[in-house]
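Work through the exercises below with the sequence and the coordinates open. Each task is followed by a solution in steps.

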Amino acid sequence: PGPPTAQVFVTRNTATSDYHAFQAQFQRRLARGLQALASYTWAHSIDIASNDSVNLNTPAARIDPRTDRGSSDFDVRHAFSSAVTYDIAPLLKDPIGKSIFRNWSVDALFTARSATPVNITRSVTLPGIGTVIVRPDLIEGIPLYIDDPSAPGGRRFNNARVTIPGNPNPQIGPFRTPFPLRQGNFGRNVLRGFPVYQLDLGVRRQFNFSDQVNLQFKTEFFNIFNHPNFGDPVGTLASTTTFGLSTAMLGRSL
């Protein structure tokens, strides 16, 4: 490289990933005004790195990338979705009811999934290398999660802070930053955030003017039960006020 070059990166093809899944689907074709489709997936996605935000300039002798192998950042163990449509009139027997609800339909869409992983990390400086991201050591016998009605979602990671004599990094819940600095023994993406579920509902009526022309009136209610879905809690130990807490709703956190 010439004099203007500030950094040189070597990218190797050594990361691994695997995906295993069981998938099931139920489908009811339109009959008597009712049709439905439901899908379920039980899966596990495993890799060493899920995105490009990995440690740079870190020799494997200091932090072996194979110790990062764990659940993918986007790993969802259980995912369920279903859609149901009712054409109201065929479900009614009396002529008056059929005439009133003719061409009226109700649509429902339900989605649910289990929580995604959260990686617990801390930025540290390794001599001769620079700032890298490492995971903490796990202290056995201390709860990982705390039920807290005042926390978003009613639960948080254990974030009680304890000062350790001779160690400049405090112990936070069951997590202790390794000292001297090294990769901790707590695995990547071990903790989980919050599950997600939502029911959407739609009501519509179709006016048929001819074989080619029709008009549809539709009203939709997204998350009709107003159920809050929270984003993943903060997993950075250095975030003294927000570690272990969800700071955004799911939609804004994605």
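The exercises concern a predicted model, and they go from the whole chain to single residues.

**Exercise 1. The chain as a whole**

Task: State how many helices and strands the protein chain has, and what share of its residues counts as buried.

Solution. Step 1: the secondary structure consists of 2 helices and 17 strands. Step 2: the chain has 254 residues, and 32% of them count as buried. Step 3: for the surface, the accessible area is about 16100 Å², with 57% belonging to carbon and sulfur atoms. Step 4: take the contacts between residues at least 6 apart in sequence; 63% of these join residues at least 24 apart.

**Exercise 2. A hairpin**

Task: Determine in which sense strands E1 and E2 pair, and how many residues lie between them.

Solution. Step 1: E1 covers residues 17-31 and E2 covers residues 34-47. Step 2: their pairing is antiparallel and runs over 13 bridges. Step 3: to fix the register, note that Tyr-19 stands opposite Ser-45 in E2. Step 4: the two strands form a hairpin with 2 residues between them. Step 5: in the turn, Arg-32 has a positive phi of about 55 degrees.

**Exercise 3. Strand E5 and its partners**

Task: Find which bridge partners Ala-83 and Asp-107 have, and describe the surroundings of Val-106.

Solution. Step 1: E4 and E5 are antiparallel, with 9 bridges between them; here Ala-83 has Leu-109 in E5 as its partner. Step 2: E5 also pairs with strand E16 (residues 196-208), again in the antiparallel sense, over 10 bridges. In that pairing Asp-107 is matched with Gly-202 of E16. Step 3: Val-106 lies in E5. Leaving out residues up to four places away in sequence, Val-106 touches Val-84, Thr-85, Tyr-86, Ile-88, Leu-201 and Gly-202. Step 4: the relative accessibility of Val-106 is 22%, so Val-106 is partly exposed, the limit for buried being under 20%. Step 5: Val-106 and Glu-220 are 114 residues apart along the chain, and their C-alpha atoms are separated by 9.8 Å.

**Exercise 4. Aromatic pairs**

Task: Count the aromatic pairs, then classify the pair of Phe-80 and Phe-110 and the pair of Tyr-145 and Phe-157.

Solution. Step 1: the count is 6 aromatic pairs. Step 2: the ring centres of Phe-80 and Phe-110 are 6.2 Å apart and the planes stand at 55 degrees, so this pair is tilted. Step 3: Phe-80 belongs to strand E4 (residues 78-87) and Phe-110 to strand E5 (residues 104-113), so the pair ties together parts 30 residues apart in sequence. Step 4: Phe-80 is partly exposed at 32% relative accessible area, and Phe-110 is partly exposed at 27%. Step 5: Tyr-145 and Phe-157 make an edge-to-face pair, with 5.7 Å from centre to centre and 65 degrees between the planes. Step 6: Tyr-145 is in strand E10 (residues 145-147) and Phe-157 in strand E11 (residues 155-157), so this pair ties together parts 12 residues apart in sequence. Step 7: Tyr-145 is partly exposed at 28%, whereas Phe-157 is buried at 1%. Step 8: ring pairs join Tyr-145 and Phe-157 with Phe-175, Phe-186 and Phe-243 in a cluster.

A further ring interaction involves a charge: the charged end of Arg-155 sits over the ring of Phe-194, 5.8 Å from the ring centre.

**Exercise 5. Nonpolar cores**

Task: Identify which residues make up the largest nonpolar core, and list what Leu-237 is in contact with.

Solution. Step 1: the largest core has 9 residues: Val-118, Ile-120, Phe-157, Ile-172, Phe-175, Phe-186, Leu-191, Leu-237 and Phe-243. Step 2: apart from this core lies another of 5 residues, including Ile-63, Val-124, Leu-126 and Val-132. Step 3: with neighbours within four places in sequence set aside, the contacts of Leu-237 include Ile-120, Ile-172, Phe-175 and Phe-243. Also among them are Thr-121, Arg-122, Pro-136, Arg-161 and Thr-177.

**Exercise 6. A loop residue**

Task: Decide whether Asn-189 is buried or exposed.

Solution. Step 1: Asn-189 is in the loop between strand E14 (175-176) and strand E15 (191-192). Step 2: its relative accessibility is 5%, so Asn-189 counts as buried. Step 3: beyond residues up to four places away in sequence, Asn-189 touches Ser-71, Ser-72, Asp-73, Pro-117, Val-118 and Asn-119. Step 4: Asn-189 and Thr-121 are 68 residues apart in sequence, with 9.8 Å between their C-alpha atoms.

Technical notes. Residues are numbered from 1 along each chain as its sequence is written. This is a predicted model: local features need pLDDT of at least 70, side-chain atom pairs count only at pLDDT 80 or more; totals for chains, interfaces and linings use all residues. Side-chain values use heavy atoms; hydrogens and water are left out. Two strands pair if DSSP finds at least two bridges between them. Helices (H or I, at least four residues) and strands (E, at least two) are DSSP runs, numbered from the N terminus. Rings of Phe, Tyr and Trp (its six-membered ring) pair if their centres lie within 6.5 Å; planes under 30 degrees apart count as stacked, over 60 as edge-to-face and the rest as tilted. Buried means under 20% relative accessible area, exposed over 50%, partly exposed in between (1.4 Å probe, protein chains only). A charge sits over a ring if NZ of Lys or CZ of Arg is within 6 Å of the ring centre and within 35 degrees of the ring normal. A nonpolar core is a set of buried Ala, Val, Leu, Ile, Met, Phe, Trp, Tyr and Cys residues joined through side-chain atoms within 4.5 Å. Contact means heavy atoms within 4.5 Å. Accessible areas come from the Shrake-Rupley method with a 1.4 Å probe; for residues, only the protein chains shown count as cover.
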